[in-house]
Each structure stands twice: as structure tokens, then as C-alpha cells.
Amino acid sequence: MFVMIRGGGDLATGAALRLRRSGMDVAICEIAAPTSIRRTVCFSEAVRLGETTVEGVTARRAELEEVPELLEEGIIPVLVDPDGSSIEALKPDAAADLILAKRNLGTNAGMAPVVVAAGPGFTAGVDCHAVVETMRGHYLGRVIYEGSALPNTNIPGLIGGYAGERVLRAPADGVFQGVREIGGRVEPGDVAGYVDGVPMVCTIGGVLRGLLADGILVRKGMKSGDVDPRCEPAHCLCASDKALAVGGGVLEAILHFSRGGDLF
């Protein structure tokens with residue numbers, strides 16, 4: 001089975017890992033300048049670096065004609081394709097929208113025989129066949145076959161006793177420049193990066209779990225970093241519990257429909 005994923009961030013990567021390890025071929029559509037934060041566990045980094053490996057699975061930036069050969073080699077092709085136009089050309093068995101934009105950026109149920117979407121902005125039975133819940137809590141990873149995911153609260157999930165405090169946001173409009181490394185320790189008051197000379201300051205201590213790539217154009221308040229108060233550097237190198245839970249939901253939905261589940 002061949003599945004194409006829109007988005008290559010940390011949740012999309014968790015889903016790609018689950019699908020790939022379940023014997024499915026996977027390709028990813030990304031934007032030209034990805035804004036992923038947890039870059040050490042994001043297949044979107046293949047756009048910037050040419051190739052990246054997460055938990056032993058390799059992804060490589062590719063052109064449309066290179067996809068079949070890379071799949072044969074067991075490599076995940078990453079296409080610069082913000083509109084997902086390659087989905088029509090490659091005709092996958094299923095497509096999944098894991099952009100996590102909190103709104104629909106063009107995905108529709110006619111893109112593939114099975115279309116799954118994650119998070120708010122989609123309605124199962126209208127613009128996709130199933131929706132996967134992305135909000136931390138009791139329903140995380142649950143597949144919704146009728147209706148929508150819980151609405152966005154704009155409040156990050158609780159990790160290590162902290163919610164909004166762990167998220168680092170751009171202090172101004174401009175170009176981002178990091179001064180710390182993902183996986184390094186930070187303390188309250190430490191500067192993790194600058195936006196046109198304005199410092200982005202950590203408010204809690206812990207491990208810098210994510211940081212935007214240098215040179216990305218940001219707007220004030222945009223998520224640009226993530227501090228994990230649990231202080232486990234190893235967490236920076238593997239998919240999170242949330243990413244794997246969402247990935248499990250995507251896998252369930254695809255198998256449900258491929259094994260005869262009713263489509264609308």
C-alpha cells in the first residue's frame with residue numbers, strides 16, 4: 001500500500017514511521033521553507049538538508065520522477081509540493097493531511113481512495129473520510145468517522161507540569177536566527193535565538209526540544225522553539241507519544257477503509 005502525507009513535521013513524521021513500519025510505502029509533500037520546530041525528528045528536514053534519518057528511517061528530498069526508485073530502496077521521498085499536486089500524479093492508495101494548520105489547506109476526499117486528516121479544520125464525511133484527534137488528553141489519537149476533531153484552544157498541552165510556558169514564540173516580525181542547539185540545556189532567562197536582533201528568551205529550564213531553522217521569516221508570536229522541562233535529551237531524537245498516537249490513528253483509519261469499511 002502506498003500512502004502520501006501532506007506535511008513533514010513531528011506529528012506527520014510519527015505517522016510516517018508507523019505506516020512505514022507497518023509495511024506501507026510513504027511519500028511526503030512539504031513546503032519550500034518548512035517551519036518545523038522539532039527538527040531532529042522531522043522528515044521535513046530533508047528539504048533543507050537533502051536527507052535526514054529519524055529512528056533509523058531515512059527520508060530524501062526528491063523530484064516526482066525519483067519517487068518509485070526511492071520507494072523501492074525503502075527511502076521516504078520528500079517532495080517540495082505545498083499544494084499536494086503530486087498526489088494526483090502518483091495516485092496513492094491513501095492520502096493523509098498532517099499539516100496541522102488548524103484549517104483545511106486544500107485537502108479533499110477525492111484526492112485518493114482513502115483520505116485521512118488530523119486535527120481541527122476537517123469534517124469526516126465531508127472533506128475527508130476520517131479525522132484523527134490531535135488534542136492531548138483522553139481522545140488523543142482517536143479516529144473520528146463522523147464529525148470533527150475538538151476545536152483548537154491555542155493552549156499547548158501539559159508536559160512536565162508546564163503548558164504555554166514551554167513554548168518559545170518569536171518576539172518580533174523578521175528573520176529568525178538561533179543561538180542554541182536542540183538537545184542542549186537551558187535555564188530561565190537564557191536566549192535561544194533572535195529575530196532581527198530582538199532576543200527570544202526562555203521562561204523555564206529544561207532541554208531545548210525544538211528550535212526553528214535559521215533564516216526562516218517569522219511573525220511576532222509565531223511558535224519558534226520548545227523547552228521540555230523533563231530534561232531528557234534522548235527525547236529530542238525520537239518521535240513523541242503524541243506523534244505516535246496520532247500516527248496510530250492514521251494507520252487505523254487507512255486499514256479500516258482498505259479492509260472494507262464503508263466510505264461516504
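## Exercises: two sheets and a charged patch

An open sheet in this predicted model has four strands in the order 12-19-17-14, paired antiparallel.

**Exercise 1.** Work out which strands stand at the edges of this sheet, and why one side of each is left without a neighbour.

*Solution.* Start with the order, 12-19-17-14. Strand 12 (167-169) and strand 14 (185-186) stand at the edges. Each has a single partner strand, so one side of each lacks a neighbour in the sheet. Now zoom in on strand 14: its antiparallel pairing with strand 17 (residues 206-211) runs over two bridges. To see the pairing by eye, find R185, which sits opposite V207 in strand 17.

**Exercise 2.** Do the same for the open sheet with the order 16-15-13-18, then find the bridge partner of V195.

*Solution.* This one also has four strands and antiparallel pairing. Strand 16 (198-201) and strand 18 (217-218) take the edges; each has a single partner strand, so one side of each is left without a neighbour in the sheet. Next, look at strand 15 (residues 191-195): four bridges link it to strand 16 in the antiparallel sense. V195 has V198 in strand 16 as its bridge partner.

**Exercise 3.** Decide whether E73 is buried, partly exposed or exposed, and say which residues share its surface patch.

*Solution.* First, place E73: it belongs to helix 3 (residues 67-73). Then take its relative accessibility, 45%. Buried means under 20% and exposed means over 50%, with partly exposed in between, so E73 counts as partly exposed. Finally, the patch: E73 gathers with E63, E65, E66, E69 and E72 in a patch of negative charge on the surface.

Notes. Residues numbered from 1 in each chain as written. Predicted model: local features only at pLDDT ≥ 70, side-chain atom pairs only at ≥ 80, totals over all residues. Heavy atoms only, no water. Patch = residues over 30% accessible without salt bridge, like charges linked within 9 Å, V, L, I, M, F, W, Y side chains within 5 Å. Areas by Shrake-Rupley, 256 points an atom, 1.4 Å probe, with all protein chains shown as cover. Salt bridge = Lys/Arg side-chain N within 4 Å of Asp/Glu carboxyl O. Lys, Arg positive; Asp, Glu negative; His and termini not counted. Charge placed at Lys NZ, Arg CZ, Asp CG, Glu CD. Buried < 20%, exposed > 50% of the residue type's maximum accessible area, 1.4 Å probe, protein only. Pairing = 2+ DSSP bridges.
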